[in-house]
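Good morning. Please have the sequence and the structure open while I talk.

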Amino acid sequence: MFGSDYYYSSIRRYVTVFGSMFADLQISRLDASGNEIQAIPIPIAYGPKEKWLTRITQNPNLDNQLQVQLPRMAFEITGLTYDGTRKLPTTIRQSHSTTDKNKHDYQYSPVPWDIDMNLYTYVRNADDGMQIIEQILPYFGPEWNVTVNLIPSMNISMDIPVILNGMSIEDTYEGDYDTRRALIHTFNFRMKAWLYGPIKRSGIIKRAQVDTYIPSGDITSESMAAANSAERYIVRPGLFANGSGTANSALSIDYRNINANTNWKYASNTFFYG
């Protein structure tokens, strides 16, 4: 599309990071004295609520070994929305050095999109659900920041806010006493995501020269063309052969051999003309 073919798996990374946030939850079974007798980890997988609810209720007699056991969690993407309030200037570049000393990779500003996600918890009794709720809600006030390695080749990592907008409780119990019951808690989240465009490569400016002139009389195109050069200012990177930076251009190695990610310094020279 638009002459560029690229894919950074950014949305896949957001989904993976979101699921990993809740991967270590567990609930406890207590005896009459309040002592823990069993710790039950809660598995989590990606999938819509209807799919998991169907798997839970498809075998009420519990005679299928492949039946989904409760408690369990699932999550899914429910929508993407453009967020113009976070828009950055489109001309800002983020650069990254390459193996070629005279080239660099760059990307323009990312585009802000909000990813809406729902987290579902399926439990058989209310106490299990309350344990899960109390392990999730205190961390969101109403947001929690997670670090996502968005573009590894450009070394771009960002803190992404995950906002909890609310939750609802649904009891799917219907029918006689043989029908299996499932309590469903739905948490509505929004991730403040960023999506990057293609990586481009261009040359690096390693030497800048500015000449100033003193025209005679009024400043016109003719007087500027006939003006004499008064001053020349040159700036370039400076680096000693041992890898430390220097502001003295005379002691520096050739600026064309200096890599962008080294410890160089600005070395400038000013020349005056009579």
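**Strands, a helix and a pocket**

I start with one pair of residues: H96 stands opposite D105, which lies in β6. Before going further, note that this is a predicted model.

That pair belongs to β5 and β6, two strands that run antiparallel and are joined by five bridges. For those new to this, strands of a sheet pair through backbone hydrogen bonds, and the pairing is either parallel or antiparallel.

Which strands make up the sheet around β6? It is an open sheet of three strands, in the order β5-β6-β11, with antiparallel pairing. At its edges are β5, residues 93-97, and β11, residues 200-203, and each of them pairs on one side only. From one strand to the next, the twist averages 40°.

Next comes another open sheet. Three strands form it, in the order β12-β13-β14, and the pairing is antiparallel. Why is one side of β12 and of β14 left without a neighbour in the sheet? Both β12 (208-214) and β14 (265-272) stand at the edges, and each has a single partner strand, so one side of each stays without a neighbour there. Direction ignored, neighbouring strands of this sheet are turned by 15° against each other on average. Strand β13, residues 228-238, runs antiparallel to β14, and eight bridges join the two. To find one of these places on the screen, look for G238: its bridge partner in β14 is K265.

Now to β4, which covers residues 72-82. Strand β3, residues 44-46, runs parallel to β4, with three bridges between them. Here I44 stands opposite M73 of β4. β4 also pairs with β7, in the antiparallel sense and over ten bridges. R72 has Y122 as its bridge partner in β7.

Let me stay with β7 and pick out one residue, D116, which lies in that strand. Is D116 buried or exposed? The relative accessible area of D116 is 16%. Buried means under 20%, so D116 counts as buried. What does D116 touch, if we leave out residues up to four places away in sequence? The contacts of D116 are E76, I77, T78, G79, T81, F189 and R190. Take T81 from that list: T81 and D116 are 35 residues apart in sequence, and their C-alpha atoms are 8.0 Å apart in space.

β7 turns up again beside a helix. This is α3, residues 126-136, and its buried residues are D128, G129, Q131, I132, I133 and I136. What covers these residues includes β1 (26-30), β7, β9 (156-171) and β10 (183-195).

Last, the largest pocket. Its volume is about 290 Å³. The lining has 17 residues, and those nearest the centre of the pocket are S109, P110, V111, L195 and G197. Which strand gives the most to this lining? The answer is β7, with three residues. β6 (103-108) and β7 (111-123) each supply at least two residues of the lining. By class, eleven of the lining residues are nonpolar, four are polar and two are charged.

To recap, β7 pairs with β4, is part of what covers the buried residues of α3, and gives the most to the lining of the largest pocket. β6 also adds to that lining, and β6 sits between β5 and β11 in the order of its sheet.

Technical notes. Residues are numbered from 1 along each chain as its sequence is written. This is a predicted model: local features need pLDDT of at least 70, side-chain atom pairs count only at pLDDT 80 or more; totals for chains, interfaces and linings use all residues. Side-chain values use heavy atoms; hydrogens and water are left out. Two strands pair if DSSP finds at least two bridges between them. Helices (H or I, at least four residues) and strands (E, at least two) are DSSP runs, numbered from the N terminus. Axes are lines fitted to C-alpha atoms, for helices over the stretch in contact, and angles run from 0 to 180 degrees between N-to-C directions. On a 1 Å grid over the protein atoms alone, a cavity is a set of points where a 1.4 Å probe fits but cannot get out, and a pocket is an open set with protein on both sides within 12 Å along at least five of seven lines; lining residues have an atom within 4 Å of a point. Grid points are joined across faces, edges and corners, and a volume is the space filled by probe spheres set on the points. Ala, Val, Leu, Ile, Met, Phe, Trp, Tyr, Cys and Pro count as nonpolar, Asp, Glu, Lys and Arg as charged, and the others, Gly among them, as polar. Buried means under 20% relative accessible area, exposed over 50%, partly exposed in between (1.4 Å probe, protein chains only). Contact means heavy atoms within 4.5 Å.
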